[in-house]
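Dear colleague,

I am handing over the structure below, and I would be glad if you could look through it with the notes that follow. They begin with a pocket and then move to the sheet and the helices.

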Amino acid sequence: MSRAIAVLALVAAMASVDPSVRAVLTRYLKFSAGEISDLERDRTVKHNLDARAAGEFGVAGATRVHASKASFLAVARDIVRFKHDPGVLQIGRFSDPPVLQDLAALTLDRDDFDAASCRLHDCGIRLPAELIQRAEREIDPNAPNAQEQAAAWFKRLLLADVIAYVTGGPGRFEQYDDGPSPIRPLEDFAAVLDHSPAIGALVPGLPDHLARFPRDRVPGAEDFLYWSKEKFGVAPFISVTHVTLVCPSARVCVMTTKDIYSSRYIDASLALAVASDAGDAGDLFDLVYTNRSRANALKGGLSGLRRSIVERRARGALDESLKSIKIRLENTR
């Protein structure tokens, strides 16, 4: 070990987790004393969160980063670069207000949306009943440009859902009828938020900000939305995510990411990232990340086996993500 690395390790070991963050980690996110001690020794830690309902799963983890938390906020705002990963096939940030051109780079082939095989209670992507029935009327599967029609049709609907969300107007996707049982994403998100008390403990008012957006905003919070197409399972999925950044104190900043729409797999998802200064020099911070999600596929028969597989993959992905962010920020100091 070089002298410089040894000095950095010694400084990290001497710095404690911010007391306000430590209280949240132990009380709400179930970090053990050993995990916090490991974090302070510059080790990445992670564990599962208790499921609070059928189909729900969650993970939490943390790492210590030898960089300023301002550098983390800067890369988080540049979401296209921040999410750069082989698993992210396409990504783009929505304008304020959102416009159709924001989705220009999004491509949809039959793996993403096959209008010809989309029927009520049997569709390859998440859509309300009314829109599934409209697809049968408005998209000609026998036309030479059938897939082009389907892609344009889907983008228009996705934009309408996003506009309804950011304006608080009517038209949100309130129920998905692509399978035998309805999925109600707004209700699922409300439950996930209720099961995430760490958010309100860190930033009073942030749960209301997320639950009733665009009303009841937290003063000083930054908000933006982005879309992405990502690899997962047997087919990719398209999602829209709401990012909120807010710093409740000079030493602590919080980022939440809220799932607005997911074309497959996820019914609701809410992630929390906390960047808190470790020590007084400003060039060392602790990064905590937690995610709680719901997936209809984790209900019913074999749900225990499916959950164990999903949780194992989620822990692995979290570990890779934390280490990747740490390396990226420390190498650009």
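**The second largest pocket**

Sorted by class, the residues that line the second largest pocket comprise 14 nonpolar, two polar and six charged ones. Please keep in mind while reading that this is a predicted model. The lining consists of 22 residues, and those that lie nearest the centre of the pocket are Y165, R172, L186, A211 and K258. Two or more lining residues come from each of the elements α7 (146–167), α8 and β6, and the space in this pocket amounts to about 340 Å³.

**The sheet**

Eight strands make up an open sheet with antiparallel pairing, and their order across it is β1-β2-β8-β7-β6-β5-β4-β3. At its edges are β1 (45–49) and β3 (88–93), each of which has a pairing partner on one side only, and from one strand to the next the twist averages 20°.

Starting from the β3 edge, five bridges connect β3 with β4 in an antiparallel arrangement, and within this pairing I91 has S228 of β4 as its bridge partner. Strand β4 (residues 222–230) is mostly covered, since seven of its nine residues are buried. On to strand β5 (residues 237–246), β4 pairs in the antiparallel sense over nine bridges, and here W227 is found opposite V240 of β5. These two strands, β4 and β5, form a hairpin in which six residues lie between them, and G233 in the turn has a positive phi of about 65°.

Elsewhere in the sheet, strand β7 (residues 268–277) is joined by ten bridges to strand β8 (residues 285–294), with the two running antiparallel; in this pair, A275 stands across from L287 in β8.

**Helices on the sheet**

Two helices deserve a look alongside these strands. Helix α3 (residues 33–40) lies across β1, β2 (56–65) and β8, and its direction is at about 150° to β1. Helix α8 (residues 185–194), for its part, packs on the sheet with contacts to β2, β6 (252–262), β7 and β8, and its direction makes about 35° with that of β7. Both α8 and β6 therefore appear twice in these notes, as they are also among the elements that give two or more residues to the lining of the second largest pocket.

With best regards

Conventions
Residues are numbered from 1 along each chain as its sequence is written. This is a predicted model: local features need pLDDT of at least 70, side-chain atom pairs count only at pLDDT 80 or more; totals for chains, interfaces and linings use all residues. Side-chain values use heavy atoms; hydrogens and water are left out. Two strands pair if DSSP finds at least two bridges between them. Helices (H or I, at least four residues) and strands (E, at least two) are DSSP runs, numbered from the N terminus. Axes are lines fitted to C-alpha atoms, for helices over the stretch in contact, and angles run from 0 to 180 degrees between N-to-C directions. Contact means heavy atoms within 4.5 Å. On a 1 Å grid over the protein atoms alone, a cavity is a set of points where a 1.4 Å probe fits but cannot get out, and a pocket is an open set with protein on both sides within 12 Å along at least five of seven lines; lining residues have an atom within 4 Å of a point. Grid points are joined across faces, edges and corners, and a volume is the space filled by probe spheres set on the points. Ala, Val, Leu, Ile, Met, Phe, Trp, Tyr, Cys and Pro count as nonpolar, Asp, Glu, Lys and Arg as charged, and the others, Gly among them, as polar. Buried means under 20% relative accessible area, exposed over 50%, partly exposed in between (1.4 Å probe, protein chains only).
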